[in-house]
Amino acid sequence: MSAELFDPKRHETLIPQPWSTELVTREVNTIVADINNSIMTDSSWPTHPLDAESYTSASPKWASYAGAAGVVLAMQILKRCGYDANDYSERLPIIHSSYIKSPDVQVEPGLQLGELGILIPLLLAQPNNKTVKKNLIQAMQQTLDLPLNEVTSGQTGMMHVALHLYRQTNEQCWRDVYIEGAQSLLAHWQQDKTTKQWLWQSKVFGPSRHYYGACHGIVANANILLQGIDLLDEALSITIIERTVSTLQLSVKENKNMANWQLCTKPDIEKVLVQWCHGGAGIVTAMAATPQSLSKSSIILDRLLKKTAELIWQAGPLKKGSNICHGTAGNGYAFLYLYKRWRDPIWLERARQFAMHAIVQCQRDRTFYKQGRYSLWTGDAGLAIYLHHCLYPKQAALPGLELF
């Protein structure tokens, strides 16, 4: 039955290596030093062959997902955490103009692939820059009219930025655009008359699909709505939780001990993944902060979270590497989020075992490709932040989404 819940060929056996604070700290410092030493004259970092394959090009990457803006943001975070990370904020105007001239995919307003992910670290570095603020608000508003309803390029990613800025500054403009995003999401949330599932349609990368996961799916949207529920009608929280949990229960694939979800509702796409972007790991990180209660929905959610975390553990680290989006660090974050939810040390222990394995993966890949992987979501910069959060688990939050 486990083979139906995950594909063993996508995973590898966990390396049994004792947790070492010294080794973890050394690896973070190694990654930071490599990033410091590898920036190029055009303000980009060398494109990793795996990221080049993803975009069918070896040209520089600029956006937050796999490009220079994400590295700059990661270094801002790591510098605040006390590491010897250079501040590359002054490079962001060049990165932005380079992105406009030669976008990673296409010019768009979104968070991971578009202007939002470049402008947010720039505004954080220059909070009084009215031009940057104006451009950021304009990009945010542009996401509202897109048929996306997800993190990468749509309203959901925008709302994470808006909510962060509102919490930081208390400025009304950020509150307003967050609420606009929430209204857009709620207006597009529909129940399938046949399956009774509450789903959003996301038209990303061409096809229109109803996803479940943390990047394009229902849990991503429920998460950001619940994070800002105090800015909406707090009574909505019950509706959001009940709709989301009932949909997860209706769509789950499970056995006695484990649970997972397929990529989307389309019957001809039955791919079952265990990653942050798709599948159980992202569903855990998105839903782990959901308020706990004695309600039926809360009890069901806790049961599903525990079974999904067991799936992540039994499946083992991902062969795709040490990164956050579709690698071992992203799956490890699921354990950190459950540690924050339940304070059971087993989840911190498992997160740290995944961290030790991820270090071996990162070092192995650095040797094989003869370079680091300079990106936030697909590479070493994101891994460094995950390793730091394994040292300080109470700070755990996904960088570039819940941590800026």
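1. Lys 196 is partly exposed in this predicted model, and its relative accessible area comes to 46%. Lys 196 sits in the loop that runs between S1 and strand S2 (198-199), and its phi is near 70°, which is a positive value in a residue other than glycine. For a reader new to such angles, it helps to recall that most residues other than glycine have a negative phi.

2. A positive phi is also found at Ser 43, where the angle is near 75° and the residue is again not a glycine. Ser 43 belongs to the loop between helix H2 (21-38) and H3. Is Ser 43 buried or exposed? With a relative accessibility of 1%, Ser 43 counts as buried, because the cut-off for that class is under 20% relative accessible area.

3. Helix H3, which follows the loop of Ser 43 and covers residues 49-55, gives the most to the lining of the largest pocket, namely 4 residues. The space in this pocket amounts to about 720 Å³. Its lining is made up of 29 residues, and those closest to the centre of the pocket are Tyr 65, Cys 277, His 278, Lys 320 and His 326. Sorted by class, the lining of the largest pocket holds 15 nonpolar residues, 8 polar ones and 6 charged ones.

4. The second largest pocket has a volume of about 320 Å³. Which residues are the closest to the centre of the second largest pocket? They are His 188, Gln 190, Leu 199, Gln 201 and His 210, out of the 20 residues that line this pocket. Strand S1 (190-191) and strand S3 (202-203) each supply at least two residues of that lining, and S1 is also one of the two strands that flank the loop of Lys 196. By class, the lining of the second largest pocket consists of 6 nonpolar, 12 polar and 2 charged residues.

5. The last point concerns Asp 344, which is placed in the loop between helix H14 (328-342) and helix H15 (345-369). Asp 344 has a relative accessible area of 34% and is therefore partly exposed, since that class lies between the 20% limit for buried residues and the 50% limit for exposed ones. The C-alpha atom of Asp 344 is separated by 27 Å from the C-alpha atom of Asn 221, and these two residues are 123 residues apart along the chain.

Terms used. Residues are numbered from 1 along each chain as its sequence is written. This is a predicted model: local features need pLDDT of at least 70, side-chain atom pairs count only at pLDDT 80 or more; totals for chains, interfaces and linings use all residues. Side-chain values use heavy atoms; hydrogens and water are left out. On a 1 Å grid over the protein atoms alone, a cavity is a set of points where a 1.4 Å probe fits but cannot get out, and a pocket is an open set with protein on both sides within 12 Å along at least five of seven lines; lining residues have an atom within 4 Å of a point. Grid points are joined across faces, edges and corners, and a volume is the space filled by probe spheres set on the points. Ala, Val, Leu, Ile, Met, Phe, Trp, Tyr, Cys and Pro count as nonpolar, Asp, Glu, Lys and Arg as charged, and the others, Gly among them, as polar. Buried means under 20% relative accessible area, exposed over 50%, partly exposed in between (1.4 Å probe, protein chains only).
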